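User: I have a model open and want to go through it with you. Can you take my questions as they come?

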Amino acid sequence: GTSFTTGVLGQAFLFDGQSGFVQAPDWAFGTNDFSISLWARFDSNDPGSLGQPGAIFIGNDESANNFNKWVFAYGGGFLNFHINSPESGPSFLAQTSFSPTLGTWYHLAVTRALNTYTIFVNGTARGSETDSHAIANAAAPLTLGQAEGFYFQGAMDEVRVFHRALSSGEIGQMAGN
């Protein structure tokens, strides 16, 4: 369900929206600062809902429902960073309105700096929220294009995960600003 297509830089992963994903080793954030940056091109206009997203970019989840997980997603017309654990329950952080145009590349990023989550679109901060909960370590691999049985239909390029919060200037540079 995953192949390659022309990306922003070289080749990109092409996801079929039904079964395709890329898997990497387990990833833990805990209470540390981090950044996730990627380019995404949407080939479907199904936004899904907040709890059942139309597009999963990257995640680390044990299972649906109240299990350990974190997910960067688009659902119900919002980009969000979703965290969950049996202890803290679900949180959809830094929600920001988003309505992608099919076939257009978007630079999307999320950072956590000192418990403040910020989502960026094309290098511009669009939503922030403070939350001090630790991100539970899911006993599962990190996945691109899929989590909880929800998939992404489109292309992703230049997916990067950092163990620090990038500055808005650094994110702007990656977005070509």
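User: How many residues sit between β9 and β10 in their hairpin, and which one in the turn has a positive phi?
Analyst: Two residues lie between β9 and β10, and Leu-114 in the turn has a positive phi of about 50°. Strands here are DSSP E runs of at least two residues and helices are H or I runs of at least four, both numbered from the N terminus. This is a predicted model, where local features need pLDDT of at least 70, side-chain atom pairs count only at pLDDT 80 or more, and totals for chains, interfaces and linings use all residues. Residues are numbered from 1 along each chain as its sequence is written, and side-chain values use heavy atoms, with hydrogens and water left out.

User: Is Leu-114 buried or exposed?
Analyst: Leu-114 is exposed, at a relative accessible area of 73%. The cut-offs are under 20% for buried, over 50% for exposed and partly exposed in between, with a 1.4 Å probe and protein chains only. Leu-114 is not a glycine, despite the positive phi.

User: What about Asn-115, in the loop between β9 and β10?
Analyst: Asn-115 also has a positive phi, about 75°, and is not a glycine. Its relative accessible area is 27%, so it counts as partly exposed.

User: How many bridges join β9 to β10?
Analyst: Six, and the two strands run antiparallel. Strands count as paired if DSSP finds at least two bridges between them. Ala-109 has Phe-120 in β10 as its bridge partner.

User: What does β10 pair with on the other side of the next turn, β11?
Analyst: β10 is joined to β11, residues 124–130, by six bridges, again antiparallel. Tyr-117 is partnered with Glu-129 in β11. That hairpin has two residues between its strands, and Asn-122 in the turn has a positive phi of about 50°.

User: Why call β10 enclosed?
Analyst: Because five of its six residues are buried, β10 is largely enclosed by the rest of the structure.

User: Which residues does Asn-177 contact, beyond its sequence neighbours?
Analyst: Leaving aside neighbours within four places in sequence, Asn-177 is in contact (heavy atoms within 4.5 Å) with Asn-122, Gly-123 and Gly-172. Asn-122 is the turn residue of the β10 and β11 hairpin. Asn-177 itself is in the segment after α1, which spans 168–174, and counts as exposed at 62% relative accessibility.

User: Change of topic. Where is Lys-69, and is it buried or exposed?
Analyst: Lys-69 is in strand β6, residues 69–75. It is buried, with a relative accessible area of 0%. Apart from neighbours within four places, its contacts include Asp-61, His-82 and Glu-148.

User: How are β7 and β8 connected?
Analyst: They form a hairpin with six residues between them, and Gly-89 in the turn has a positive phi of about 75°. Five bridges join the two antiparallel strands, with Phe-81 partnered to Leu-93 in β8.

User: And the chain overall: how many helices and strands?
Analyst: One helix and 15 strands. Of its 177 residues, 45% count as buried. Residues 24 or more positions apart make up 64% of the contacts with a separation of 6 or more.

User: What radius of gyration does it have?
Analyst: The chain has 15 Å, which agrees with the value near 16 Å for a compact globule of 177 residues. The radius is taken over C-alpha atoms, and the globule rule is 2.2 Å times the number of residues to the power 0.38. Those C-alpha atoms fill a box of roughly 40 × 35 × 30 Å along the principal axes.
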